[in-house]
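These are my notebook entries on a model with more than one chain. I set out to look up how the chains are built, how they meet and where charged side chains pair.

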Amino acid sequence: MYKKVDNKDIEYLRSVIPANRILVHDEISDDYAHDELGGIEVKPEVLIYVRSTEEVSKVMKYAYENEIPVVARGSGTDLVGAAVALEGGIMICTKQMNHILEVDETNLTVTVEPGVLLMELQAYVEERDLFYPPDPGEKSATIGGNISTNAGGMRAVKYGVTRDYVRGLTVVMPNGEIEHFGGKVVKNSSGYDIKDLIIGSEGTLCIITEAILKLVPKPAYSVSMLLPFMTMEKAIEVVPEIIRSKASLTAIEYMSLDTIISAEQFLGKKFPDTNYEAYILLTFDGNSMNEIQDEYTKVANLCIEKGAIDGYFVDTDERKKSVWNARGAFLEAIKASTDLMDECDVVVPKGKVADFIKYTHEVGKEVGLRIPSFGHAGDGNLHIYLCKDSMAEEIWKQKADKAFELLYTKAREFGGMVSGEHGIGYAKKPYLARQVGENQIELMRSIKKVFDPKNILNPGKVC
Amino acid sequence: MNIIVCIKQVPGTTNVNVDPVTGTLIRDGVAAKMNPYDLYALELGFKLKDKHGGTLNVVSMGPNSALEVIREAIYMGADGGVLISDRKFGGADVLATSYTLCSGILALGDFDVILCGKQTTDGDTAQVGSELAEHLKVPHAANVRDVDVDGDRIKYVSNLDNKIVTAKIKTPCLLCVDGEVNTPRLPSFKRKLQYGDCAEQIRIITFDDLQDKDETHYGLKGSPTQVERIFNPDKKSEKEIIKDGNLASEMYKILRDRKFV
């Protein structure tokens with residue numbers, strides 16, 4: 001269906017992009033054949049490290065005219081195969097488009113290229129007393145990737161998700177045209193919001209080459225509190241109580257002891273407390289320490305009343321590092337604890353979090369799989385991992401399929417969605433289709449067709 | 001076992017300005033915290049206490065604001081604390097500081113072991129612990145990574161530059177604890193509720209409580225060190241030497257693990 005890349009194509013690409021930034025066939029590392037989870041492996045035929053919008057435009061124009069599939073990729077930290085070149089073709093890597101172009105302290109925006117890493121952006125703006133609130137666990141992901149999946153992260157409880165911080169986008173359309181959507185404006189009621197449609201579209205509609213992101217003043221203080229519980233049930237049952245207390249929280253994370261132990265082994269660093277079965281990690285931030293104290297006192301007292309053993313202060317850089325570094329490494333730690341895993345990133349209404357986590361335990365028992373989980377209890381987004389643990393391939397597949405079916409069905413029943421922040425990519429397509437139904441999938445396909453009539457951009461993904 | 005842990009309040013960030021006239025750190029208005037190295041010593045002290053029983057008290061020298069870190073240690077699990085505080089102690093160098101700490105500790109009575117952090121993040125001299133041991137005339141060891149009780153002695157593991165030494169030391173003794181040897185426990189909200197401002201757990205020792213009343217032994221007057229200039233040192237980066245194997249792939253692995261590539 002698609003044209004295979006031949007010498008003539010490579011010759012052309014080398015005429016518009018310096019040859020040292022183009023790799024072909026065997027020159028391409030295997031790392032570019034898969035994403036972080038490695039569920040599917042296909043190598044692109046050509047890998048191009050782009051450095052400007054114009055370069056992306058030239059490549060896209062040629063690919064469009066010649067019907068060569070193109071996949072854009074940042075750090076490749078995705079988990080659902082979204083950044084894998086299923087049909088081969090050209091992979092456009094944005095890692096070298098990694099410049100922070102401008103911090104506008106009047107409009108409170110930062111303009112970045114898509115290859116800037118989340119951790120670089122956060123550090124850069126915080127040095128200037130500004131704050132980019134979205135905080136997904138994978139800090140080495142690119143901003144382009146974060147926008148493409150509408151990544152959420154730990155601070156969504158208070159600040160929202162990536163979508164809430166994207167003001168404007170410069171993109172290259174599948175035919176090579178360059179378009180600008182949105183801008184530095186705060187309000188915008190000017191027709192359909194195509195920017196918002198592009199956010200979370202996983203590189204299927206166009207390629208993001210520049211983004212204007214909203215910033216907020218950096219909160220003067222931030223204190224976390226780690227609350228241990230005797231059982232996972234007790235820990236998760238307290239979450240709705242915390243939410244109902246109307247306390248102003250930045251993050252509500254839950255974690256189980258086995259996940260913490262995996263992180264300890266993975267990082268080679270001890271967690272500050274491993275005496276209890278389950279933990280809730282809360283964060284409070286603001287500009288007045290007194291207000292923060294009032295808030296954490298209220299919440300800690302409530303939690304203790306509801307079964308928390310104590311509340312441990314995580315209030316200095318060193319303490320935050322010892323706790324949050326472990327939290328940030330959970331995914332990789334679970335991955336390292338087994339030979340193969342698959343994930344489920346469902347989001348359910350906040351009031352159903354406790355019930356859903358309990359249900360994952362039931363599924364684990366019923367199907368006979370180890371299913372560690374952790375997640376953003378405060379916003380209903382859970383990260384659930386099915387671990388193969390060396391079982392035979394055939395049995396693993398059967399068990400995983402069964403477990404996914406049960407989990408997604410239950411999520412649907414609870415009014416939840418297939419993905420909270422990792423996206424649909426390749427791996428979750430059947431579950432999305434089942435959830436939203438034929439009409440909505442058809443609507444998505446029609447939108448895709450308007451943007452990309454030749455279906456050359458990240459084909460085989462999302463819908 | 002009677003354990004004492006020396007702690008200090010230091011600026012909460014590394015971006016502290018230096019007074020151009022006096023050459024001392026400007027601490028006013030800067031958020032403060034417990035010296036991170038002292039936390040490792042505290043945790044090692046808790047480990048000893050948890051295993052062998054006894055009491056753990058912290059000792060700090062500093063202005064009244066240092067009560068904050070003593071309270072924090074109590075919230076972490078310390079039984080009590082002592083603040084050695086007097087205007088006469090201000091401007092002390094390592095000699096005067098260690099002498100003042102020694103005088104304060106002697107005023108407290110007997111102890112079995114004193115644990116200190118290897119250094120503070122503000123002064124960075126890494127000498128107060130050893131000098132305190134000299135003033136107290138007790139044996140001491142530095143770079144300690146682990147401790148346990150062995151009969152009437154303390155068995156400790158010390159990390160010297162090119163070897164790990166396991167040795168025993170007579171009590172009473174002083175041990176300077178290396179950095180990053182454990183993950184210090186966190187302060188407890190419940191203990192904070194229980195002890196509040198810790199008025200009953202904290203004792204304040206002033207100049208008048210000390211036996212030696214010679215003011216030239218304390219503070220600026222007792223400090224022979226003349227500070228010419230204080231400045232932020234260049235950041236030291238970690239070193240890792242790879243000698244064997246496929247060097248390129250080893251290096252690539254490190255870079256990849258740390259996500260540089």
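Entry 1, salt bridges across the interface. I counted a salt bridge wherever a side-chain nitrogen of Lys or Arg lies within 4 Å of a carboxyl oxygen of Asp or Glu. The model is predicted, and I took side-chain atom pairs into account only at pLDDT 80 or more. With that rule I found two salt bridges between chain A and chain B. One of them joins Glu318(A) to Lys33(B), and I read 2.7 Å between the closest N and O atoms. I also looked for polar contacts across this interface and obtained ten residue pairs, both partners at pLDDT 80 or more.

Entry 2, which elements of chain A face chain B. I noted four elements that each supply at least two residues to the side of chain A that touches chain B: strand S12 (221-229), helix H9 (289-305), strand S15 (312-314) and helix H10 (317-328). H9(A) gives the most, with six residues. I sorted the residues on this side of chain A by type and found twelve nonpolar, seven polar and eight charged.

Entry 3, extent of the interface. I counted 27 residues from chain A and 18 residues from chain B in the contact. I then looked up the area that the two chains bury between them, which comes to about 1800 Å², with 57% of it on carbon and sulfur atoms. On the chain A side, Phe313(A), Glu318(A) and Arg319(A) lose the most area to chain B, together 31% of what that side buries. Glu318(A) is thus listed here as well as in the salt bridge with Lys33(B).

Entry 4, Thr183(B). I located Thr183(B) in the loop between strand S10 (173-177) and helix H5 (189-195) of chain B. Is Thr183(B) buried or exposed? I recorded 15% relative accessibility, and because the cut-off for buried is under 20%, Thr183(B) counts as buried. Its side chain reaches the backbone oxygen of Lys270(A) at 2.6 Å. Leaving aside residues up to four places away in sequence, I found that Thr183(B) touches Lys270(A), Phe271(A), Pro272(A) and Ser322(A), along with Glu43(B).

Entry 5, salt bridges within chain A. Over all chains the count is 43 salt bridges, and I looked at several in chain A.

Glu65(A) pairs with Lys61(A), the closest N and O atoms being 3.1 Å apart. Both belong to helix H2 (residues 53-66) of chain A, and because they are four residues apart there, about one helical turn separates them. I noted Lys61(A) as partly exposed, at 43% relative accessibility.

Glu102(A) forms a salt bridge with Lys184(A), with 2.8 Å between the closest N and O atoms. This pair links distant parts of the chain, 82 residues apart: Glu102(A) is in strand S5 (residues 100-104) and Lys184(A) is in the loop between strand S9 (178-182) and helix H6 (194-198). Glu102(A) is partly exposed at 33% relative accessible area, and Lys184(A) is partly exposed at 28%.

Asp196(A) and Arg163(A) meet through their side chains in a salt bridge of 3.9 Å, N to O. I placed Asp196(A) in helix H6 and Arg163(A) in the loop between helix H5 (156-159) and strand S8 (166-172), so that this pair too links distant parts of the chain, 33 residues apart. Both are partly exposed, Asp196(A) with a relative accessible area of 26% and Arg163(A) at 29% relative accessibility.

I also recorded a network of salt bridges that links Lys3(A), Asp6(A) and Asp9(A).

Entry 6, chain A as a whole. I counted 14 helices and 18 strands in chain A. Its radius of gyration is 22 Å, close to the 23 Å that the globule rule gives for 463 residues, so chain A is as compact as a globular protein of that length. The C-alpha trace spans about 70 × 60 × 45 Å along its principal axes. Buried residues make up 57% of chain A. Among its contacts with a separation of 6 or more, 72% are between residues 24 or more positions apart.

Entry 7, chain B as a whole. Chain B has six helices and eleven strands. I compared its radius of gyration, 20 Å, with the value near 18 Å for a compact globule of 261 residues, and the two agree. I read a span of about 65 × 50 × 40 Å for the C-alpha trace along its principal axes. Of the residues in chain B, 41% count as buried. Residues 24 or more positions apart account for 70% of the chain B contacts with a separation of 6 or more.

Methods. Residues are numbered from 1 along each chain as its sequence is written. Chains are lettered from A and ligands numbered from 1 in the order in which they are written. Side-chain values use heavy atoms; hydrogens and water are left out. Contact means heavy atoms within 4.5 Å. Buried area is the accessible area (1.4 Å probe) that two parts lose on being put together, summed over both. A polar contact is a pair of N or O atoms within 3.5 Å; within protein, one must be able to donate a hydrogen and the other to accept it, and residues adjacent in sequence count only if both atoms are side-chain atoms. Ala, Val, Leu, Ile, Met, Phe, Trp, Tyr, Cys and Pro count as nonpolar, Asp, Glu, Lys and Arg as charged, and the others, Gly among them, as polar. Buried means under 20% relative accessible area, exposed over 50%, partly exposed in between (1.4 Å probe, protein chains only). The radius of gyration is taken over C-alpha atoms; the globule rule is 2.2 Å times the number of residues to the power 0.38.
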